[in-house]
Amino acid sequence: MTQQNRVQWVYSSKNLEELQERYDQWASEYDTDLEKDFGWSAPALAAGVFQKYVSTSARVLDAGAGTGLVGAALKERGYGSIVAMDLSEGMLAEARKTGAYEGFDQMVMGETLGYETDSFDAVISVGVFTVGHVPPSGLDDLVRVVKPGGHIVYSLRPDVYVENGFKEKHAELEASGKAAIVEASEPKHVLPVGEPEVEHQVWVLQVK
């Protein structure tokens, strides 16, 4: 299976069980496929935005951590208290090898997470809010687990933002006073080799 086909194979998963199984199968080759063959730059992009708002002493949740590319990018920037959470145990096994995390939890975003309210100073989530993965409602529980004043930094394709309910979810969170949008980066081409037409933005919410 080519790298391009593997990405589409994962995105075409019919349910969470199938999505988990396919990520488990992909885990050992994920980094090579995404970084070398697609030029995946979103982890570094998001980490750069994240450090503008979040102290390196913060307790951070990497929501949808995958193989730990985001954790590694944060570790390089001095973050030392990061918890990895992902649907796929196979991906978390790869994340363990990075040495970037102090904890690992297999959980499903979009469902109620097994963390106490106000457990984290910040959340980062890259490549997770996308087609066939986590719906806009997944933001609600991230808001719950972040302390007031803390930040949620996540990547989102502009077309998914408009067409898949994220624009409405952002408006709902602001109207309810639960969170405020403090930054939306300019769209960037984060898969310049494999999918050069695809853009992502990095959004930043501050929890109230």
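**Exercise 1. A charged network**

In this predicted model, classify Asp140 as buried, partly exposed or exposed from its relative accessible area of 30%, then trace the salt bridges that lead from its side chain.

*Solution.*
Step 1. Buried requires a value under 20% and exposed a value over 50%. At a relative accessible area of 30%, Asp140 is therefore partly exposed.
Step 2. The side chain of Asp140 forms a salt bridge with that of Lys169, with an N to O distance of 2.9 Å. This pair links distant parts of the chain: Asp140 belongs to helix α6 (residues 138-145) and Lys169 to helix α8 (residues 166-175), 29 residues apart.
Step 3. Lys169 has a relative accessibility of 9% and so counts as buried.
Step 4. Lys169 also meets the side chain of Glu172 in a salt bridge, at 3.0 Å from N to O. The two residues are three apart in helix α8, which means a separation of about one helical turn. Glu172 is partly exposed, with a relative accessible area of 42%.
Step 5. Through shared partners, the salt bridges join Asp140, Lys169 and Glu172 into one network.

**Exercise 2. A salt bridge between two loops**

Determine how many salt bridges a search of the whole structure finds, and locate the partners of the one between Arg59 and Glu102.

*Solution.*
Step 1. The search of the whole structure returns nine salt bridges.
Step 2. One salt bridge pairs Arg59 with Glu102, whose closest N and O atoms are 3.9 Å apart. Arg59 lies in the loop between α3 (42-53) and β1 (60-63), whereas Glu102 lies in the loop between α5 and β3; the pair, 43 residues apart, links distant parts of the chain.
Step 3. The cut-off for a salt bridge is 4 Å, so the distance of 3.9 Å for Arg59 and Glu102 qualifies.
Step 4. Arg59 has a relative accessible area of 31% and is partly exposed. Glu102, at 47%, is partly exposed as well.

**Exercise 3. The start of helix α5**

Identify the residue that caps the N-terminal end of α5, and list the residues of this helix that are buried.

*Solution.*
Step 1. The cap is Ser88: one of its side-chain oxygens lies 3.2 Å from the backbone nitrogen of Gly90.
Step 2. Helix α5 spans residues 89-96, and Gly90, Met91, Leu92 and Ala95 are buried in it. Gly90 is thus both a buried residue of α5 and the residue whose backbone nitrogen faces the Ser88 oxygen.

**Exercise 4. Two loop residues**

Describe the backbone of Asp118 and the side-chain contact of Arg157, giving the loop in which each residue lies.

*Solution.*
Step 1. Asp118 is found in the loop between β3 (103-106) and β4 (120-125). Its phi is near 65°, a positive value in a residue other than glycine.
Step 2. Most residues other than glycine have a negative phi.
Step 3. Asp118 has 34% relative accessibility and therefore counts as partly exposed.
Step 4. Arg157 occupies the loop between β5 (146-156) and α7 (158-163). Its side chain makes a polar contact with the side chain of Asp159 at 2.7 Å. With a relative accessible area of 18%, Arg157 is buried, because the limit for that class is 20%.

**Exercise 5. The chain as a whole**

Summarise the secondary structure, burial and contact pattern of the chain.

*Solution.*
Step 1. Eight helices and eight strands make up the count of elements.
Step 2. The chain has 208 residues, of which 52% count as buried.
Step 3. Among contacts between residues at least 6 apart in sequence, 67% join residues at least 24 apart.
Step 4. The accessible surface is about 9100 Å², and carbon and sulfur atoms account for 47% of it.

Methods: Residues numbered from 1 in each chain as written. Predicted model: local features only at pLDDT ≥ 70, side-chain atom pairs only at ≥ 80, totals over all residues. Heavy atoms only, no water. Buried < 20%, exposed > 50% of the residue type's maximum accessible area, 1.4 Å probe, protein only. Helix = DSSP H or I, 4+ residues; strand = E, 2+ residues; numbered from the N terminus. Polar contact = N/O pair within 3.5 Å; in protein donor to acceptor, adjacent residues only side chain to side chain. Contact = heavy atoms within 4.5 Å. Areas by Shrake-Rupley, 256 points an atom, 1.4 Å probe, with all protein chains shown as cover.
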